[in-house]
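Colleague: I would be grateful for a close look at one part of this model, with the reasoning set out step by step.

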Amino acid sequence: MKVRISTFFIFVSAILFLNSCTLEKAIDYSFYVSAHGEYEINNHCFGIDDEPGERLLITDCGGYLNVITSTLTLGLLTSSGNTINTYRAATKYYLDSKYESCNIKNLHDYGGRLFEIFYSCESLENN
């Protein structure tokens, strides 16, 4: 019985540790970045949490469902090339509408239509 309990404890601990990455990102962006919004881009709704000039988290407007999906799949689910291109294009559109001369530096796919994108821009807010 002890072996089963300790194996179960190790298994649950490992899952919670892996799951915390997606949950931690969602919490970090929800509470600690300065710009949040929903944007209609190419007839699709995107939720974007943006730390201006640095990084953003983009998902569709069903963001909480996407966080749950990513968490349950341990963040190991990867998106299709078409999905990645859609979110990259939406991010570029968003960045071009807010800032000047931006480049996407890195894109991290958390699965479940949830992406963290690091970027740099020559100048901040045009507005």
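Which residue forms a disulfide with Cys102, and how far apart are their sulfur atoms?

Modeller: The model is a predicted one, and what follows rests on its computed geometry. Cys102 forms a disulfide with Cys121, and the two sulfur atoms lie 2.0 Å apart. That distance falls within the 2.5 Å cut-off for a disulfide. The torsion about the S-S bond is 105 degrees, and the link of Cys102 and Cys121 is right-handed. Cys102 belongs to strand 4 (residues 100-109) and Cys121 to strand 5 (residues 114-123), so the bond ties together parts that are 19 residues apart in sequence. The two ends of this link can also be described by their accessibility. Cys102 has a relative accessible area of 2% and is therefore buried, whereas Cys121, at 22%, is partly exposed.

Strand 4 also contains Ser101. Ser101 has a positive phi of about 55 degrees, although it is not a glycine. Most residues other than glycine have a negative phi. With a relative accessibility of 38%, Ser101 counts as partly exposed. A positive phi is also found at Asn43, which is likewise not a glycine and has a value of about 60 degrees. Asn43 is placed in the loop between strand 1 and strand 2, and its relative accessible area of 77% makes it exposed.

The link of Cys102 and Cys121 should be set beside the rest of the disulfide count, which comes to two. Cys45 and Cys61 form a disulfide with their sulfur atoms 1.7 Å apart. Its torsion about the S-S bond is about -65 degrees, so this disulfide is left-handed. Cys45 lies in strand 2 (residues 44-51), and Cys61 lies in the loop between strand 3 (55-60) and helix 2 (63-72), so the pair ties together parts that are 16 residues apart in sequence. Cys45 is partly exposed, with a relative accessible area of 25%, and Cys61 is partly exposed as well, at 30%. With bonded cysteines counted along the chain, the disulfides follow the pattern 1-2, 3-4.

Strand 5, which holds Cys121, also contributes to the aromatic pairing. A search of the whole structure finds four aromatic pairs. One of them joins Tyr39 and Tyr94, whose ring centres are 5.0 Å apart and whose planes stand at 65 degrees, so the pair is edge-to-face. This pair links distant parts of the chain, with Tyr39 in strand 1 (residues 35-41) and Tyr94 in helix 3, 55 residues apart. Tyr39 is partly exposed at 25% relative accessible area, while Tyr94 is buried at 2%. The rings of Tyr87 and Phe115 have their centres 4.9 Å apart and their planes at 35 degrees, so that pair is tilted. Here the partners are Tyr87 of helix 3 and Phe115 of strand 5, which are 28 residues apart. Both Tyr87 and Phe115 are buried. Ring pairs also bring in Phe46, linking Phe46, Tyr87 and Phe115 into a cluster.

Phe115 and Tyr87 lead in turn to two further residues. Ser79 touches Phe115, together with Ile84, Asp109 and Arg113, when residues up to four places away in sequence are not counted. Ser79 is found in the loop between helix 2 and helix 3 (81-98), and its relative accessibility of 15% counts as buried. On the same basis of counting, His44 touches Tyr87, Tyr39 and Asp60. His44 is found in strand 2 and, at 32% relative accessibility, counts as partly exposed. The C-alpha atoms of His44 and Ala90 are separated by 9.1 Å, and these residues are 46 places apart along the chain.

Helix 3 holds both Tyr87 and Tyr94, and its geometry completes the picture. At 1.5 Å a residue, its 18 residues should span 26 Å, and its end C-alpha atoms are 26 Å apart, which agrees. The buried residues of helix 3 are Ile84, Tyr87, Ala90, Thr91, Tyr94, Leu95 and Lys98. Seen down the helix axis, these residues fall within an arc of 135 degrees, so they line one face of helix 3.

Definitions and conventions:
Residues are numbered from 1 along each chain as its sequence is written. This is a predicted model: local features need pLDDT of at least 70, side-chain atom pairs count only at pLDDT 80 or more; totals for chains, interfaces and linings use all residues. Side-chain values use heavy atoms; hydrogens and water are left out. Helices (H or I, at least four residues) and strands (E, at least two) are DSSP runs, numbered from the N terminus. Buried means under 20% relative accessible area, exposed over 50%, partly exposed in between (1.4 Å probe, protein chains only). Contact means heavy atoms within 4.5 Å. Rings of Phe, Tyr and Trp (its six-membered ring) pair if their centres lie within 6.5 Å; planes under 30 degrees apart count as stacked, over 60 as edge-to-face and the rest as tilted. The expected span of a helix is 1.5 Å times one less than its number of residues. The arc is that of the directions from the helix axis to the C-beta atoms.
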